[in-house]
Amino acid sequence: MTTADTQTLLGRLLDPANRADPYPLYADLRAAGPLSLPSTNLVVFSSFADCDEVLRNPASASDRLKSSVAQREIAAGAVARPFGAPGFLFLDPPDHTRLRRLVSSAFVPRVVKALEPDIVALVDSLLDTVAAKGEFDAVADLAYPLPVAVICRLLGVPLEDEPQFSRASALLAQSLDPFIAVTGQSAQGFEQRLEAGLWLREYLRELIAGRRVEPRDDLISGLIAAEEAGDQLTEDEIVATCNLLLVAGHETTVNLIANAILAMLRRPGQWARLAADPQRASVVAEETLRYDPPVQLVVRIAAEDMTINGVTVPRGDSMLLLLAAAHRDPEAFDRPDEFDPDRPQIRHLGFGKGPHFCLGAPLARMEAAVALSAVTTRFPDARLATDPVYKSNLTLRGMETLSVAI
Ligand code: HEM
């Protein structure tokens, strides 16, 4: 494949026109095999075996400073981390290990299970409001407010402030799209995203200052206590960790719930089966994570020269792993394009793999299971009202609206 052909294929990836159904494009990318763009030091992998291998390889790094592009910029005088510490999603050991450990106990299955009664009550009250309307938007009325209320409560961020930072969070989610990696240039709206990032950090700093004076039973207070107890983390790292959790809690589970609702509404038999048997909710959520995953791609940097299933990746090159394409790989799955929660084993990389495996996975699974079983039981005759409308995001792909008639 020529460089021009590769650029055309990757250009289609960035084109929002492909967001409603990117899967035919992903099939073309998989068929083309690993693609490299030497001008931007990028390799794109889209088969299951390749993505899995990169995630398992110990030379795969997450710290963007290790890329040759960042190294060249720093050598030319750029500041290494102009916005302070990144969230631990973008760090490698030992910092990644240290920071992840400080919050991991809040997300273990036992602690998450204790949140279930509150989550059930929250879902019921959201659906009470829906019942009075006759038609609803599955995103605005259920899939978005649920995870947002939960993460705000866990962190200790006042829900009244949410409308202010939901905009910032949405803009930050867009900054995960790999425009620079693919085109060498940032997408439109860079200034706006920059401003949103600075605003959210400042907001969190003020919240932290308040909690220092008046600690509560929440994650922010827990991180402050760890900071004050010794040299385990800095204030900058507290801000970055809260920022990561807040954005992760806002921009992912919403898409799991909405994508599962859409998949079932397009196959009314699936909706009816879940309505009749709430226990099916977890396999429906799991198959959605494979069939239509909320996180469509992740990025790694080669910390040393690597060979991935025969392809050489020089040290410092970025690797874009198209998880959503890997999940439809016929080499790895029977009937990959079929939504089938009853497949004998549901494998996927929807929560990643390896040291960065999603910390929020038990919480996301539980929220999705509660929401999906409740909405189908409550509205067994629900139908898709109109075609859904998608946001332009590629990495954290999801719907803007999903209208449902009940
Ligand atoms: C369905 C919902 C979710 C999906 C599909 C999802 C997916 C992912 C994926 C794919 C990764 C790995 C990224 C990589 O390897 O580069 C990840 C990491 C992470 N997720 Fe989630 N996530 C979800 C919900 C959540 C929630 C609710 C939280 C917490 C509030 C959360 C917190 C995190 C954190 C902190 C990391 C970084 C882990 C690390 O670097 O060690 N996620 N998530």
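1. In this predicted model, a polar atom in the side chain of R300 lies 2.6 Å from an oxygen atom of the ligand. Two further residues make approaches of this kind: an N or O atom in the side chain of H96 is 2.6 Å from a ligand oxygen, and for the side chain of R100 the corresponding distance is 2.7 Å.

2. These three residues belong to a wider shell, since 26 residues surround the ligand, and the closest of them are H96, R100, R300, H356 and C358. When the shell is sorted by class, it holds 17 nonpolar residues, seven polar ones and two charged ones, which is worth keeping in mind when looking at the polar approaches described in the first point.

3. Which elements each supply at least two residues of this shell? They are the helices α5 (95-104), α14 (235-251) and α15 (253-265), together with the strand β5 (298-302). Among the contributors, α14 gives the largest share, which amounts to three residues.

4. The strand β5 also has a place in an open sheet of five strands, whose order is β1-β2-β8-β5-β3 and whose pairing is mixed. At the edges of this sheet stand β1 (35-37) and β3 (60-61), each of which pairs on one side only. As a general matter, strands of a sheet pair through backbone hydrogen bonds, and they may do so in a parallel or an antiparallel manner.

5. The pairing of β1 with β2 (residues 42-45) can be followed in detail, for these two strands run antiparallel and are joined by three bridges. Within this pair, L37 stands opposite L42, a residue of β2. Helix α1 (residues 3-14) packs on the sheet, where it touches β1 and β2, and its direction makes about 105° with that of β1. Helix α3 (residues 48-56) packs on the sheet too, touching β2, β3, β5 and β8 (318-321), and its direction makes about 130° with that of β8.

6. Between β2 and α3 there is a loop, and S46 has its place there. Is S46 buried or exposed? With a relative accessible area of 3%, S46 falls under the 20% limit and therefore counts as buried. The side chain of S46 reaches the backbone oxygen of L29 at 3.5 Å. If neighbours within four places in sequence are left aside, the residues in contact with S46 are L29, R30, C51, L322, A325 and A326, so that L29 appears both in this list and in the side-chain approach just described.

Definitions and conventions: Residues are numbered from 1 along each chain as its sequence is written. This is a predicted model: local features need pLDDT of at least 70, side-chain atom pairs count only at pLDDT 80 or more; totals for chains, interfaces and linings use all residues. Side-chain values use heavy atoms; hydrogens and water are left out. A residue is near a molecule or strand if one of its heavy atoms lies within 4 Å of it. A polar contact is a pair of N or O atoms within 3.5 Å; within protein, one must be able to donate a hydrogen and the other to accept it, and residues adjacent in sequence count only if both atoms are side-chain atoms. Helices (H or I, at least four residues) and strands (E, at least two) are DSSP runs, numbered from the N terminus. Ala, Val, Leu, Ile, Met, Phe, Trp, Tyr, Cys and Pro count as nonpolar, Asp, Glu, Lys and Arg as charged, and the others, Gly among them, as polar. Two strands pair if DSSP finds at least two bridges between them. Contact means heavy atoms within 4.5 Å. Axes are lines fitted to C-alpha atoms, for helices over the stretch in contact, and angles run from 0 to 180 degrees between N-to-C directions. Buried means under 20% relative accessible area, exposed over 50%, partly exposed in between (1.4 Å probe, protein chains only).
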